[in-house]
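Visitor: I would like a close look at a single part of this model, followed by an account of its surroundings.
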Amino acid sequence: ETGRPVLVAPPKLPSVIGANISIFWNGSAQAARAVAAAMPFITDADTVTVINAEGEGETSSGPADLATYLAWRGVTADTRTVAPGSRGVGEVLLDACADCDLLVMGAYTHSRVRRLILGGVTKHVLSNAAMPVLMGH
């Protein structure tokens, strides 16, 4: 509730943090806050990939819009859409960014009721991420 970003470290840290960044983008204010907080990492990264999940968009701002925003700041970003299917979004997201050394994402972007019924991406990532995660809320 402080409006400040949080960097969550996994049990085993990678040797490098921020060379290969994945951004989980759903167009939410929380995701935008996380990207803004991570800009010093993003502008220095070797590779940046914007990942979104089908059906997870909060607004009309899609991954291509974020890639354009990053390009204005000198960052070339690839985009990737994942389809959760019968698996949870958190599980598919972590599979999609398994090679990254920093994941940037918004935290708790859905209502508490929806998280109770469908499960929460944030909770899954916090419990299972093998890479550092920079979150904004």
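Which residues does Glu-54 touch, not counting residues up to four places away in sequence?

Guide: Glu-54 touches Thr-81, Val-82, Ala-83 and Pro-84 when residues up to four places away in sequence are not counted; contact means heavy atoms within 4.5 Å. The model is predicted, so local features need pLDDT of at least 70 and side-chain atom pairs count only at pLDDT 80 or more, while totals for chains, interfaces and linings use all residues. Residues are numbered from 1 along each chain as its sequence is written, and side-chain values use heavy atoms, with hydrogens and water left out.

Glu-54 lies in the loop between strand E3 (47-53) and H2. Helices (H or I, at least four residues) and strands (E, at least two) are DSSP runs numbered from the N terminus. Glu-54 counts as exposed because its relative accessibility is 53%; the cut-offs are under 20% relative accessible area for buried, over 50% for exposed, and partly exposed in between (1.4 Å probe, protein chains only). Between Glu-54 and Asn-26 there are 9.4 Å, C-alpha to C-alpha, for a separation of 28 residues in sequence.

H2, the helix that borders this loop, covers residues 63-72, and its axis comes within 12 Å of the axis of helix H1 (residues 29-44), with a crossing of roughly 50°. Axes are lines fitted to C-alpha atoms, for helices over the stretch in contact, and angles run from 0 to 180 degrees between N-to-C directions. H1 and H2 are therefore oblique to each other, given that under 35 degrees is roughly parallel, over 145 roughly antiparallel, 65 to 115 roughly perpendicular, and the rest oblique. The crossing of H1 and H2 is right-handed, meaning that the near helix is turned clockwise from the far one by less than a right angle, where anticlockwise would be left-handed. On the H1 side, Val-35, Met-39 and Ile-42 take part; they meet Leu-66, Tyr-69 and Leu-70 in H2. Sorted by class, this contact has six nonpolar, no polar and no charged residues. Here Ala, Val, Leu, Ile, Met, Phe, Trp, Tyr, Cys and Pro count as nonpolar, Asp, Glu, Lys and Arg as charged, and the others, Gly among them, as polar.

Another helix pair gives a mixed contact. Helix H3 (residues 89-96) packs against H5 at an angle of about 50°, with the axes 8 Å apart. That makes H3 oblique to H5, and H3 passes H5 in a right-handed crossing. H3 contributes Val-89, Gly-90, Glu-91, Leu-93 and Leu-94, and H5 contributes Val-121, His-124, Val-125 and Asn-128. By class, the contact of H3 with H5 has five nonpolar, three polar and one charged residues.

H5 (residues 121-128) also holds Leu-126, which counts as partly exposed because its relative accessibility is 41%. Leu-126 touches Val-8, Tyr-108 and Met-135, again not counting residues up to four places away in sequence. Leu-126 and Val-8 are 118 residues apart along the chain, yet their C-alpha atoms are separated by 7.8 Å.

Ser-22, in strand E2 (residues 20-24), is buried because its relative accessible area is 4%. Leaving aside neighbours within four places in sequence, Ser-22 is in contact with Thr-49, Ile-51, Cys-97, Cys-100, Leu-102, Leu-103 and Val-104. The two cysteines in that list each count as buried, because relative accessibility is 1% for Cys-97 and 8% for Cys-100. With a disulfide defined as a pair of cysteine sulfur atoms within 2.5 Å, the count comes to zero disulfides. Cys-97 is in no disulfide, the nearest cysteine sulfur being that of Cys-100, 4.1 Å away. For Cys-100, the closest cysteine sulfur is in Cys-97, and 4.1 Å is too far for a bond.

As for the chain overall, it has five helices and six strands, in the sequence pattern β-β-α-β-α-β-α-β-α-α-β. Buried residues make up 45% of its 137 residues. Among contacts between residues at least 6 apart in sequence, 80% join residues at least 24 apart.
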